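The following note is offered to a colleague who is meeting this structure for the first time. Its points are numbered so that each may be checked against the coordinates.

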Amino acid sequence: MTTCKMPTPLCLAEDMKQPFTKQRAFSYDREKWLHWLAEIPGAVTAVTALPNEVDRDAIKHAVKENLEANNVEGAFSSTMIWGYGTIGYGPSRTLKILSNGQENGNTLSDAVVNKLRQSVKVSRTDGGVAGFYYLNNEGKIKDLGPSFFTKWLYFITASGPQGEKAATPILDALVIDWLEEKGMKLRRARSSDYENYVCCLTEWGAPYGLSAAEVEERIFRIIRGGTN
């Protein structure tokens, strides 16, 4: 069984004692997303249904609704809107992923859809660490690295039957760099390192009644200077 070898960073321990303010909603360029994903009907349906401003809760709701409608590409597109935020190349990168490098133009790749569906099944059945291993190995999707597929894993588990307390924490470059400053070095695409990360966040959050994903939200807020 994996155990965390690093004590809780002091600034994080102090933050976990305090009330938590959830992320503020932000606006995105809906028309730009609709333009780039125009030939993927499920994505168009999902993007059209999103509110004008989104936060984690809005995307969790969208992912849940789209997955229940068997619209995995719509759920994924919603996640990427949150993941890329206001970055201008988010829509084109998302199209590149969903079309498997535009192998058949701007249309949806069946292979990508199948891998996304399987990642949902694995993560909701066996947990987020298993989902990470799947997307990092036999389920690898072209142009979708851990910084963004852990965002996907977060939303599909947070909206799953286990509930938000079982959600898989995000591990992107910002979090990796912050943890390295605190003394934890994580290799970016190693499943064993991700498992260690989840273990540490779980252990750090336990005394405060916080899940691993809730601890990750706290880290993200600290990185952003106390704002979301």
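1. In this predicted model, C4 and C200 form a disulfide, with their sulfur atoms 2.1 Å apart. The count comes to one disulfide. The link of C4 and C200 is right-handed, with 95° about the S-S bond. C4 lies in the segment before α1 (10–16) and C200 in helix α11 (residues 191–205), so the pair ties together parts that are 196 residues apart in sequence. C4 and C200 are both buried.

2. Two further cysteines deserve a remark. C11 takes part in no disulfide, and the nearest cysteine sulfur, that of C4, is 14 Å away. C11 is partly exposed, with a relative accessible area of 33%. How far is the sulfur of C199 from the closest cysteine sulfur? The distance is 5.4 Å, to the sulfur of C200, and this is too far for a bond, because a disulfide requires sulfur atoms within 2.5 Å. C199 is buried, at a relative accessible area of 12%.

3. Helix α11, which holds C200, also packs against α8. The two helices, α8 and α11, meet at an angle of about 160°, and their axes are 10 Å apart. That angle makes α8 roughly antiparallel to α11, because angles over 145 degrees count as such. The crossing of α8 past α11 is right-handed. On the α8 side, the residues in the contact are G128, V129, F132, Y133 and N136, and they meet S191, Y194, E195 and V198 of α11. By class, this contact has five nonpolar, three polar and one charged residues.

4. Helix α8 (residues 128–136) also has α7 (residues 110–126) as a partner: the axes come within 7 Å and cross at roughly 150°. The helices α7 and α8 are therefore roughly antiparallel to each other. Here too a right-handed crossing is found, as α7 passes α8. From α7, the residues K115, Q118, S119, V122, S123 and D126 meet G128, A130, G131, Y134 and L135 of α8. The residues of this contact divide into four nonpolar, five polar and two charged.

5. Which residues of α8 are buried? They are G128, G131, F132, Y134, L135 and N136. The cover over these buried residues includes α7, α9 (146–158) and α11. Several of the buried residues recur in the contacts described above: F132 and N136 meet α11, whereas G131, Y134 and L135 meet α7. G128 appears in the contact with α11 and also in the contact with α7.

6. A further helix pair is formed by α10 (residues 173–182) and α12, whose axes come within 10 Å and cross at roughly 80°. The helices α10 and α12 are therefore roughly perpendicular to each other. L174, V175, W178 and L179 of α10 make the contact with I219, F220, I222 and I223 of α12. By class, the contact of α10 with α12 has eight nonpolar, no polar and no charged residues. A general point helps in reading such lists: an α-helix has 3.6 residues a turn, so residues three or four places apart point the same way.

7. Y208 lies in the loop between α11 and α12 (212–223). Is Y208 buried or partly exposed? At 31% relative accessibility, Y208 counts as partly exposed. Its C-alpha atom is separated by 9.8 Å from that of Q18, although Y208 and Q18 are 190 residues apart along the chain. Leaving aside neighbours within four places in sequence, Y208 is in contact with A13, M16 and K17.

8. G83 has its place in helix α5 (residues 72–84). This glycine, G83, is buried, with a relative accessible area of 18%. The C-alpha atoms of G83 and S147 are separated by 9.2 Å, and the two residues are 64 residues apart along the chain. Which residues does G83 contact, once its neighbours within four places in sequence are left aside? The contacts of G83 are with F148 and K151.

Notes
Residues numbered from 1 in each chain as written. Predicted model: local features only at pLDDT ≥ 70, side-chain atom pairs only at ≥ 80, totals over all residues. Heavy atoms only, no water. Axes fitted to C-alpha atoms, helices over the stretch in contact; angles between N-to-C directions. Helix = DSSP H or I, 4+ residues; strand = E, 2+ residues; numbered from the N terminus. Parallel < 35°, antiparallel > 145°, perpendicular 65-115°, else oblique. Left-handed = near helix turned anticlockwise from the far one by under 90°. Contact = heavy atoms within 4.5 Å. Nonpolar A, V, L, I, M, F, W, Y, C, P; charged D, E, K, R; others polar. Buried < 20%, exposed > 50% of the residue type's maximum accessible area, 1.4 Å probe, protein only.
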